[in-house]
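Visitor: Please choose a single part of this structure and take me through it closely, and then place that part within the whole.

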Amino acid sequence: MQENTQNIVSATENLDFNVLNWDWNNMSDKIFTYGLQTIGAILIMIVGFWLAERLSKIIIIGLRRPNISISMLNFIKSLISIIFKILVLLVALSTVGFEVTAFVALLGGLAVGVGMALQGSLSNLAGGILILLFKPFKIGDYIQSLDKKGTVTEISVLQTVLLTPDMRTVILPNGNVFNNPIENYSKHGMRRVEIKIGIGYDDDFDKAKEILLEVFKNEPLILDEKDYVLEIDEFGDSSVNLAMYGYARAENYLKAKWKLNRSAKKALDENGFSIPFPQRDLHLVTVDNKKAQFKINQENN
């Protein structure tokens with residue numbers, strides 16, 4: 001018992017000796033330095049997170065368009081905010097002396113793994129964001145992409161939805177849409193109405209042109225007469241084919257084209273023009289009856 005007591009006293013004395021021999025000045029400097037770094041990291045996180053929210057809101061305000069849904073804007077805002085906050089967290093960790101290289105490598109490895117697993121979806125996500133940023137088309141535009149034509153009815157994060165003239169719904173992945181040629185027929189708010197019509201080789205071209213120009217001038221859906229084009233397009237087998245071009249509002253394209261077709265046909269009929277159609281001449285050759293009978297008898301024998 002007495003021996004144990006002596007050991008405890010000896011250990012206490014050694015402890016007191018070690019504590020007394022600590023370099024308190026060096027430790028106080030380290031505590032002060034680490035404290036400042038910790039306070040700085042906390043301030044960086046507070047200010048950085050606040051700035052991340054503000055910047056994401058500013059970016060969303062810049063992206064706000066009538067054709068972009070609220071859910072789409074909220075998704076983009078959340079994505080931007082998360083990216084900014086991760087960057088702020090890395091800066092804060094590096095401030096307190098944390099080695100962020102391994103952490104970044106880990107995040108990179110995870111990102112590569114997730115990216116490989118979701119390669120198609122991430123491509124469509126990136127395509128949707130790029131479509132919203134660069135706006136090659138908007139809801140209501142008539143476009144052609146991936147050999148599909150239709151009016152854009154929806155632009156979501158992953159896909160673009162088209163409505164064809166025959167009321168079929170076509171769903172296109174955004175990644176493929178953005179990485180392939182896009183024809184936007186409604187970008188400038190108007191479309192060129194093209195009509196081809198034939199007259200006979202014996203008909204008066206100048207008279208036909210005068211009649212058809214009046215058709216253009218009397219059609220209210222055609223925008224401006226200075227943009228009319230009416231010339232000979234080609235010489236066909238049975239007719240001289242004329243090219244008629246004019247411009248109409250994009251939403252009136254088909255209506256204008258149909259009305260011009262009817263009006264052109266009616267005007268040419270009223271002025272004695274016949275729209276030619278392909279014809280064939282058949283020549284019948286008579287055969288001498290005796291020669292024909294002789295040939296038949298030979299075949300029978």
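Guide: Helices and strands are taken here as DSSP runs, numbered from the N terminus, where a helix is H or I over at least four residues and a strand is E over at least two. The model is a predicted one, in which local features need a pLDDT of at least 70 and side-chain atom pairs count only at 80 or more, while totals for chains, interfaces and linings use all residues. Residues are numbered from 1 along each chain as its sequence is written, and side-chain values use heavy atoms, with hydrogens and water left out.

The part I would choose is the run of strands from β1 to β4, and I will follow it along the chain. Just before it comes the loop between α5 and β1, where Lys135 is found. This lysine has a positive phi of about 50 degrees although it is not a glycine, which is worth a second look because most residues other than glycine have a negative phi. Lys135 counts as partly exposed because its relative accessibility is 33%, given that buried means under 20% relative accessible area, exposed over 50% and partly exposed in between, with a 1.4 Å probe and protein chains only.

Strand β1 covers residues 142-145 and strand β2 residues 148-155, and the two pair in the antiparallel sense over 4 bridges; strands are said to pair if DSSP finds at least two bridges between them. Within this pairing, Gln144 has Lys149 in β2 as its bridge partner. The two strands form a hairpin with 2 residues between them, and Leu146 lies in that loop between β1 and β2. Like the lysine above, Leu146 is not a glycine and yet has a positive phi, of about 55 degrees. Its relative accessibility is 30%, and therefore Leu146 counts as partly exposed.

The next step along the chain is a hairpin that joins β2 to β3 through 3 residues. These two strands run antiparallel and are joined by 4 bridges, with Glu154 standing opposite Val161 in β3. From the other direction, Val161 also stands opposite Ile171 in β4. Strand β3 (residues 159-163) runs antiparallel to β4, to which 5 bridges join it. The hairpin of β3 and β4 has 5 residues between the strands, and there Met167 takes a positive phi near 65 degrees.

Which side chains of β4 (residues 169-173) are buried, and which are not? Val170 and Leu172 point to one face and are buried, whereas Thr169, Ile171 and Pro173 point to the other face and are not buried. This is an alternation one would look for because, in a regular strand, the side chains alternate between the two faces of the sheet.

One link from elsewhere in the chain leads back towards these strands. Ile129 belongs to helix α5 (residues 119-134), and its C-alpha is 8.9 Å from that of Leu158, with the two residues 29 apart in sequence. Ile129 counts as partly exposed because its relative accessibility is 22%.

To place this part within the whole, the protein has 9 helices and 8 strands, and buried residues make up 27% of its 301 residues. The largest pocket has a volume of about 360 Å³, and among its 16 lining residues the closest to the centre are Tyr142, Thr151, Arg191, Ala250 and Glu251. A pocket here is an open set of points on a 1 Å grid over the protein atoms alone where a 1.4 Å probe fits, with protein on both sides within 12 Å along at least five of seven lines, and lining residues have an atom within 4 Å of a point; grid points are joined across faces, edges and corners, and the volume is the space filled by probe spheres set on them. Helix α8 (residues 253-270) gives the largest share of this lining, 3 residues.

As to confidence, pLDDT is the predictor's confidence in each residue, from 0 to 100, and the protein averages 77, with 68% of the residues scoring at least 70. Among the elements, helix α1 (residues 2-20) has the lowest mean, 49, and strand β5 (residues 182-184) the highest, 94. Where pLDDT is low, the predicted coordinates should not be read in detail.
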